[in-house]
Amino acid sequence: MLACRAVPLVISESPLFQLTLMRFRMFFREPSAVFWSFGFPLVLSFVLGLAFRSRPADPVYAAVEQGEGAAALVKSLTARPGVHVELLDAGAARAALRSGKVALVIVPGATRTYRFDPARPDSRLARLVVDDLLQRADGRQDPTRVTDAHFSEPGGRYIDFLIPGLIGMNIMSSGMWGVGYVIVELRTRKLLKRMVATPMKRWHFLVSFILLRMAFLVLELPLLLGFARFVFGVTVHGPLFLVALLAALGSFAFAGIGILVASRTENTQTVGGLINLVTLPMFMGSGVFFSNARFPDAMQPVIRALPLTTLIDALRAVMNEGAGVSRAALPALLLALWGTVTTLVALYRFRWQ
C-alpha cells in the first residue's frame, strides 16, 4: 500500500514531470501562443473550407459577335442551363475576351468560328460545352446513346483533403517554433546557463519539450477534428486511434527536429532562419494545400523522404480512404525513426550556452 502511494509522489517530484508542468503553465500564460496553436488552424480551415466548399459547377461565360445568325445562336445557348451568353459587337467581344469577362467568343457565319485562348482551361471547357450545345441545336445525333451517372467519392472534397494537411502543418509548426525557437530564446536570455547548477539532467530538460508537444495533441487534435466535423461534415473513415498515433509520432518527430536545430544555435535570428529553411520546403512540397503530385518526377524521391509528407499522406490515407494498421505501419515506423534519431543526435550535440 505504501509503495502504491509512493509512486505518484515520486513521479510528481521528478525533474521531468516538474519541467513538463512548468512548460505547460508557461504556454497558457502566452495568449499569442495559444492562438497560433489552437485558433489559427481553425480560422484557416474555416476560410479555406468556405472558399473551396462544394457547390454547383461554375457557368460558362460566352459572347456572340453581332452578325447574320447571331440571334439564333444566342437563343440556342440561352435555352440550356449553365451557359451565360451575351450579344456584343466585334470590338466589345474582343475586349470581354481579353479582360476575362467571357471565356469564348462565337463568330457566326457559314463556317462558325470560336475565338478563345487555348492556354486558359475555362476557355477550352467553354469551347467544348458551347460547340456541343450548338451542334445538337443544329440537329446532330450521336451514334451511341449515353447517360450521365453523377458520383461523389467520400473524402473527395477539398476540405477533406485540407484538414489532414492542416493537422500536419500545425504539428510541424508547433514542434519547430514551440520547441526549437523557445530553447534558443532561453539560451539567449541566459536562463539555460542557470539550469546547469540544478540536479536536472540534460535529457530531462529536452524530453520535457517533447512530452509537452505530445500532451497538447490531446487538446489540439479533437478540437480541429470536431470543428471540421461540425462545420464541414468531415468524417474520419479509418480508426481514430491510428489518427491519434500518427499525430503523436509526428509530434515526436518534429519536436526532435526542433531540438536538433536549437541544440547549438546561439540567437533567435539564426534559429528563425534555420527553422524557415527546414519548414518552407515542406510547406511547399509536402502537400499541405495541394497535391505534391504536381511536382516533377525527379523531385518526388526528395518529397517522399520529407517527414511532413509521410505524416500528411498517412493521415489522408486513414481519414479519407479508411486505411488500416497495415497501411499505416510503415509511415508510423518512419516517423518514430525520425524522432528517435534526431532526439539522440540533439542530446549529443546540445550545449547549455
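## A tour by question and answer

Student: Where is Gly82 found?
Tutor: This is a predicted model. Take the elements on either side of Gly82: helix H4 (70–78) and strand E2 (83–88). Gly82 is found in the loop between helix H4 and strand E2.

Student: Is Gly82 buried, partly exposed or exposed?
Tutor: Buried means under 20% relative accessible area, and exposed means over 50%. Gly82 has 42% relative accessibility, so Gly82 counts as partly exposed.

Student: What separates the C-alpha atoms of Gly82 and Asp58?
Tutor: Along the chain, Gly82 and Asp58 are 24 residues apart. In space, their C-alpha atoms are separated by 7.6 Å.

Student: How many salt bridges does a search of the whole structure find?
Tutor: A salt bridge needs a side-chain nitrogen of Lys or Arg within 4 Å of a carboxyl oxygen of Asp or Glu. The search covers the whole structure, and the number found is nine.

Student: Which residue forms a salt bridge with Arg112?
Tutor: The closest N and O atoms of this pair are 2.8 Å apart, and the partner of Arg112 is Asp138. The pair links distant parts of the chain, 26 residues apart. Arg112 is in the loop between strand E3 (104–107) and strand E4 (113–115). The loop between helix H6 (121–137) and helix H7 (158–188) holds the partner, Asp138.

Student: Which of these two counts as exposed, Arg112 or Asp138?
Tutor: Arg112 has a relative accessible area of 24%, so Arg112 is partly exposed. The exposed class starts over 50%. At 54% relative accessibility, the exposed residue is Asp138.

Student: Are Arg213 and Glu220 buried or exposed?
Tutor: These two form a salt bridge, with the closest N and O atoms of Arg213 and Glu220 3.5 Å apart. Buried means under 20% relative accessible area. Both Arg213 and Glu220 are buried.

Student: How far apart are the closest N and O atoms of Arg327 and Glu321?
Tutor: Arg327 is partly exposed, at 47% relative accessible area. Glu321 counts as exposed, at 52%. They form a salt bridge, and the closest N and O atoms are apart by 2.7 Å.

Student: Which residues are linked in a network of salt bridges?
Tutor: The network takes in one Asp and two Arg residues. Its members are Asp132, Arg136 and Arg140.

Student: What kind of aromatic pair do Phe227 and Phe232 form?
Tutor: A search of the whole structure finds two aromatic pairs. In the pair of Phe227 and Phe232, the centres are 6.5 Å apart and the planes 75° apart. Planes over 60 degrees apart define the class, so the pair is edge-to-face.

Student: What kind of pair do Phe290 and Phe295 form?
Tutor: Phe290 is partly exposed at 32%, and Phe295 is partly exposed at 22%. Their rings are 6.1 Å centre to centre, with 35° between the planes. That angle is neither under 30 nor over 60 degrees, so the pair is tilted.

Student: Which helix holds Trp338?
Tutor: Trp338 belongs to a nonpolar surface patch with Leu330, Leu333, Leu334, Leu337, Val341 and Val345. Together they have about 620 Å² of accessible area. Trp338 is partly exposed, at 33%. Its helix, residues 325–349, is H14.

Student: Which residues form a positive surface patch?
Tutor: One member, Arg264, lies in the loop between helix H10 (240–262) and helix H11 (268–285). Arg264 counts as partly exposed, at 39% relative accessibility. The patch is formed by Arg202, Arg264, Arg349 and Arg351.

Note on methods
Residues are numbered from 1 along each chain as its sequence is written. This is a predicted model: local features need pLDDT of at least 70, side-chain atom pairs count only at pLDDT 80 or more; totals for chains, interfaces and linings use all residues. Side-chain values use heavy atoms; hydrogens and water are left out. Patches are made of residues with over 30% relative accessible area and no salt bridge: like charges are joined within 9 Å, nonpolar side chains (Val, Leu, Ile, Met, Phe, Trp, Tyr) within 5 Å. Accessible areas come from the Shrake-Rupley method with a 1.4 Å probe; for residues, only the protein chains shown count as cover. Lys and Arg count as positive and Asp and Glu as negative; His and the chain ends are not counted. The place of a charge is taken as NZ of Lys, CZ of Arg, CG of Asp or CD of Glu. Helices (H or I, at least four residues) and strands (E, at least two) are DSSP runs, numbered from the N terminus. Buried means under 20% relative accessible area, exposed over 50%, partly exposed in between (1.4 Å probe, protein chains only). Rings of Phe, Tyr and Trp (its six-membered ring) pair if their centres lie within 6.5 Å; planes under 30 degrees apart count as stacked, over 60 as edge-to-face and the rest as tilted.
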